[in-house]
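Q: Please take a close look at one helix of this model and describe how it is placed among its surroundings. I would also welcome an account of the core, the sheet and the cysteines.

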Amino acid sequence: MCGIVAYLGKKTAQPILLEGLKRLEYRGYDSAGVALLRDGVIHVTKKGGRIKVLEGILEEPNKSDTIGIGHTRWATHGKPNTTNAHPHLDYTGKIAVVHNGIVENFDTLKIWLRDKGVTFSTDTDTEVIANLIGYFYTEGDDGKWKKQTDGQNKFEWSVQRALHELQGTYGLAILCADYPDILIGAKKGSPLILGVGENEYILASDAAAIVEHTKQAIYLSDNEMVTISSEQFSTKTVDNVEVTKDLQEIEISLAEIELDGFECMMLKEIFEQPKALTMCMGGRLDKQNDKIKLGGMDKYLHDMAGMKRLILTACGTAFHAGLIGEFLFEKLLRVPTEVEYASEFRYRNPIIDEGTFVIAISQSGETLDTIAAIGEAKEKGATVIGLVNVVGSTIARETDGGIYLHVGPEIGVASTKAFMGQVAVLTMLAIELGRRKQISSDEAKMYISEFAKIPDKISSILQQSEHIKEIASANITKENWLFLGRGFNYPVALEGALKLKEISYIHAEGLPAAEMKHGPIALLSDEMPVVFIATAGPQYEKIMGNISEVRARGGKTIVVATEGDDKVKPYADHLITVPDAPEALQPMLTVVPLQLLAYHAAVLRGHDVDKPRNLAKSVTVE
């Protein structure tokens with residue numbers, strides 16, 4: 001959730017920290033702050049509100065400040081205000097901490113520290129970390145510390161000693177006033193990357209804060225820490241066992257995370273979807289042999305084609321992609337498939353039999369609930385496949401095999417092109433497994449051929465953006481909407497409702513169209529917007545009947561239909577068309593108008609679509 005960035009090098013730290021925080025602001029924007037170490041004193045500046053508020057109160061950069069840490073917050077413990085903003089100093093003023101995660105036993109630790117005479121000034125769990133490190137640093141654990149023969153300093157020892165007491169998750173960057181040329185980072189359950197430049201180091205939650213300065217990085221694993229000096233860095237476990245980490249190339253570019261002429265990242269990413277989908281397909285569609293190549297899956301495709309059961313687990317938008325996957329795998333592979341919320345899967349003792357595969361879906365690859373679900377599935381003997389966008393992420397490392405989305409970095413909090421990539425990868429996997437087991441070669445050829453046409457079809461839908469804006473404008477005063485679809489388009493209805501909720505703050509519900517009659521029809525009132533996905537398919541006549549039921553009760557119908565469908569026109573108060581496609585491929589088309597509808601509704605209502613209230617991009621806490 002929160003974004004952390006830290007710098008140690010030869011350059012002035014403050015501008016680098018500030019720019020890094022701006023690139024991480026999608027992870028949280030309740031408050032922000034920086035701490036700079038100068039002449040043996042840690043100088044903290046922090047403020048409630050967004051980073052531009054912090055920027056307005058910062059002093060002019062001091063060229064002698066070449067080490068510092070910064071934070072942009074998504075509040076968990078304590079209100080989003082200046083007092084609770086990070087960085088946090090310990091009670092002695094010698095230790096400064098920025099933290100992404102949650103300390104589950106902070107109450108117990110706080111009581112213990114208070115009994116030792118330690119004072120607190122905030123409501124956060126993070127202050128416990130700072131004070132715990134500060135206590136061990138000051139007291140030496142009742143005299144147990146002594147300088148180690150391997151040269152370990154007291155600062156590093158105190159961090160390790162404190163981390164052993166913490167329960168929960170953390171990505172940390174830590175300063176000590178007595179060590180002006182040392183920066184420490186540590187990770188457990190929250191992402192942390194070290195960018196390695198020429199005589200400089202940048203520690204951050206995300207490569208977005210690093211890529212402007214270096215393309216070389218190491219990715220810390222859980223229960224690992226890094227100690228950085230002006231000359232070198234060393235990695236070890238929190239138990240002080242040395243670990244060797246290989247430098248990896250950061251795959252994203254600076255241009256990919258900038259606006260490039262668009263008003264916001266979400267709109268840019270919606271319009272990037274044809275290109276993103278083409279990148280996702282790149283090198284994977286073998287149209288000459290009517291096959292799909294998925295390199296990261298070579299070892300597992302044979303067994304998956306014969307699997308007895310498939311479970312897909314995810315959260316939020318990725319869960320909706322998983323629901324489409326359920327329809328795909330049951331149609332093309334004829335294998336029993338279930339979709340589970342990752343947040344529930346880990347707690348309900350799921351039944352996993354021999355021959356069960358689990359697919360975990362996450363844009364960031366750092367979603368805490370999904371990571372925990374992976375652990376639960378592996379413990380019960382399942383083979384777990386990861387579908388992620390971020391190379392080197394935790395899920396990419398912890399699953400047995402996987403497929404990268406390759407849609408480019410997604411910065412907008414409300415996912416669009418990553419959802420497209422998730423559906424595309426699930427579609428490719430289902431087609432290839434189906435080709436090996438259930439569907440004919442002619443059918444596989446048809447799907448591959450039609451799949452290759454989807455990017456151009458999305459481009460044609462995007463040309464209707466102004467028309468969709470007019471539809472949004474006509475309905476944005478209504479505070480309750482319904483989204484209805486059937487078959488493959490039922491999950492799209494869920495996704496459309498979620499997008500509208502996330503960024504416009506309009507209450508919306510997504511439902512299977514037939515279920516409307518079983519209760520929710522009571523919600524209908526005059527002029528209430530009801531969005532129908534009524535494209536050509538086996539349930540077309542049924543959904544036409546559902547549209548009639550809504551119109552008879554005064555609802556305002558917004559209908560997404562197939563191009564050339566004249567029959568639907570009299571039933572639609574507002575009509576949006578999409579190109580024709582096989583039913584199994586339609587979600588990649590029908591979701592696009594709903595993304596644009598949500599975007600335009602939010603902008604027309606005056607909201608910041610890239611920073612919706614209470615949300616953050618990567619959910620790394622429970």
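The answer below begins with the requested helix and then turns to the other parts.

A: The model is predicted, and the helix chosen for the close look is α11, which covers residues 368-379. At 1.5 Å a residue, its twelve residues should span 16 Å; the C-alpha atoms at its ends are 17 Å apart, so the expected and the computed values agree.

The helix is mostly covered, since nine of its twelve residues are buried. These are Leu-368, Asp-369, Thr-370, Ile-371, Ala-372, Ala-373, Ile-374, Glu-376 and Ala-377. The buried residues of α11 pack against two helices, α10 (342-345) and α12 (394-398), and against the strands β17 (309-314), β19 (356-362) and β20 (383-388). After the helix comes Gly-381, which has a positive phi, near 95°.

One of the strands packed against α11 is β19, residues 356-362, and the contacts of Ile-359 may be followed next. Setting aside residues up to four places away in sequence, Ile-359 touches Met-304, Leu-310, Ile-311, Leu-312, Thr-313, Phe-329, Ile-385, Leu-387 and Leu-429. Ile-359 also belongs to the largest nonpolar core, which has 97 residues; together with Met-304, Phe-329 and Leu-429, it touches the most other members. Helix α13 (residues 417-437) gives the most to this core, with twelve residues. Apart from it lies another core, of 32 residues, which includes Ala-13, Ala-208, Ile-210 and Ile-411. In soluble globular proteins, nonpolar side chains tend to be buried together.

A second buried site is Ala-6, in strand β1 (residues 3-8). Its relative accessible area is 0%, and therefore Ala-6 is buried. Leaving aside neighbours within four places in sequence, Ala-6 is in contact with Leu-17, Gly-68, Ile-69, Ala-173, Leu-183, Tyr-201, Ile-202 and Leu-203. Lys-110 is 104 residues from Ala-6 along the chain, and their C-alpha atoms are separated by 26 Å.

Strand β1 is part of an open sheet of eight strands, in the order β3-β2-β4-β1-β10-β9-β11-β14, with antiparallel pairing. The edges are held by β3 (41-48) and β14 (248-249); each has a single partner strand, so one side of each is left without a neighbour in the sheet. The antiparallel pairing of β3 with strand β2 (residues 31-38) runs over eight bridges. In one of these, Gly-33 is partnered by Lys-46 of β3.

Asn-100, placed in strand β6 (residues 95-100), counts as buried because its relative accessibility is 0%. The side chain of Asn-100 reaches the backbone nitrogen of Cys-2 at 3.3 Å.

As for the cysteines, the structure holds zero disulfides. The closest cysteine sulfur to that of Cys-315 is in Cys-2, 18 Å away, which is too far for a bond. Cys-315 counts as partly exposed because its relative accessibility is 24%, whereas Cys-280, at 0%, counts as buried.

Finally, Arg-486 lies in the loop between β22 (480-485) and α17 (490-504). Not counting residues up to four places away in sequence, Arg-486 touches Ala-513, Ala-514, Gln-539, Lys-542, Ile-543 and Asn-546. Ile-533 is 47 residues from Arg-486 along the chain, with their C-alpha atoms separated by 7.7 Å.

Methods:
Residues are numbered from 1 along each chain as its sequence is written. This is a predicted model: local features need pLDDT of at least 70, side-chain atom pairs count only at pLDDT 80 or more; totals for chains, interfaces and linings use all residues. Side-chain values use heavy atoms; hydrogens and water are left out. A disulfide is a pair of cysteine sulfur atoms within 2.5 Å. Buried means under 20% relative accessible area, exposed over 50%, partly exposed in between (1.4 Å probe, protein chains only). A nonpolar core is a set of buried Ala, Val, Leu, Ile, Met, Phe, Trp, Tyr and Cys residues joined through side-chain atoms within 4.5 Å. Helices (H or I, at least four residues) and strands (E, at least two) are DSSP runs, numbered from the N terminus. Contact means heavy atoms within 4.5 Å. The expected span of a helix is 1.5 Å times one less than its number of residues. A polar contact is a pair of N or O atoms within 3.5 Å; within protein, one must be able to donate a hydrogen and the other to accept it, and residues adjacent in sequence count only if both atoms are side-chain atoms. Two strands pair if DSSP finds at least two bridges between them.
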